[in-house]
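Subject: Structure for your review

Dear colleague,

Please find below the structure that I am handing over to you. My notes on what was found in it follow directly after.

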Amino acid sequence: MPNQFGITDYEDLRFQTPDGETLSAFFIRPSNKRQARRLTILMFHGNAGNIGHRVPIAKVLEEHIGCNVFMLEYRGYGLSTGTPNEDGINIDAQTAIDYIRNRDETKNDRIIVYGESIGGACAIRLVANNQEAGDIAGLILVNTFTSIRKLIPR
């Protein structure tokens, strides 16, 4: 939980995908409100672990950039329902960006998509499919690989 790392302004979210899965996410607000920007980082974690393991990274991002961090937990990981597969994870990613775009607090934010390992492939596809909306400000890739099919079943 984010509070274990000194983060106090966050929400532990649950929301539905179009195909009926329930996804878990943390929505972390910037700790320094005076430096806060109209920016949300949509964070996709790696194959090992879950969003709880990446909270220290989110803390650094919100503190140094002054942004919101939306940490998605894919289907089949952590508290999210379902079984991970390529199509499902892509549905999860689109559902997350749509959630950010429709949430009152973030609907006018620029979005930076951050992907680690398996999350990198997810991030690349999401950005490629959502460029026309004009709200994506950047893409960060960490330890991304060359083929998603090698990591998860189809």
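In this predicted model, the buried residues of helix α3 are covered by elements that include strand β3 (39-44), helix α2 (86-102), strand β5 (110-116) and strand β6 (136-142). The residues of α3 that are buried are I118, G119, G120, C122, A123, L126, V127 and N130. As general background, an α-helix has 3.6 residues a turn, so residues three or four places apart point the same way.

The length of helix α3 was also checked. The helix comprises 13 residues, 118-130, and at 1.5 Å a residue it should span 18 Å. Its end C-alpha atoms lie 19 Å apart, which agrees with that expectation.

One residue of strand β6 deserves a separate note, namely L141. Is L141 buried, exposed or partly exposed? Its relative accessible area is 41%, and because this falls between the cut-offs of 20% and 50%, L141 counts as partly exposed. Apart from neighbours within four places in sequence, L141 is in contact with G115, G120, A123 and I124. Of these contacts, G115 is 26 residues from L141 in sequence, yet the two C-alpha atoms are 5.0 Å apart in space.

I turn next to the aromatic residues. The structure holds six aromatic pairs. In one of them, the ring centres of Y10 and F26 are 6.2 Å apart and the planes meet at 80°; since edge-to-face pairs are those with planes over 60 degrees apart, this pair is edge-to-face. Y10 belongs to strand β1 (residues 10-16) and F26 to strand β2 (residues 22-28), so the pair ties together parts that are 16 residues apart in sequence. Both Y10 and F26 are buried.

A further edge-to-face pair is formed by Y74 and Y77, with 5.6 Å from centre to centre and 75° between the planes. Where do these two tyrosines stand with respect to burial, given that buried means under 20% relative accessible area? Y74 counts as buried because its relative accessibility is 1%, and Y77 counts as buried at 9%.

Two further findings involve aromatic rings. F15, F70 and Y99 are linked into a cluster by ring pairs. In addition, the charged end of R103 sits over the ring of F27, at 4.1 Å from the ring centre.

Yours sincerely

Definitions and conventions:
Residues numbered from 1 in each chain as written. Predicted model: local features only at pLDDT ≥ 70, side-chain atom pairs only at ≥ 80, totals over all residues. Heavy atoms only, no water. Helix = DSSP H or I, 4+ residues; strand = E, 2+ residues; numbered from the N terminus. Expected span 1.5 Å × (residues − 1). Buried < 20%, exposed > 50% of the residue type's maximum accessible area, 1.4 Å probe, protein only. Contact = heavy atoms within 4.5 Å. Phe/Tyr/Trp six-rings, centres within 6.5 Å; stacked < 30°, edge-to-face > 60°. Lys NZ or Arg CZ within 6 Å of the ring centre and 35° of its normal.
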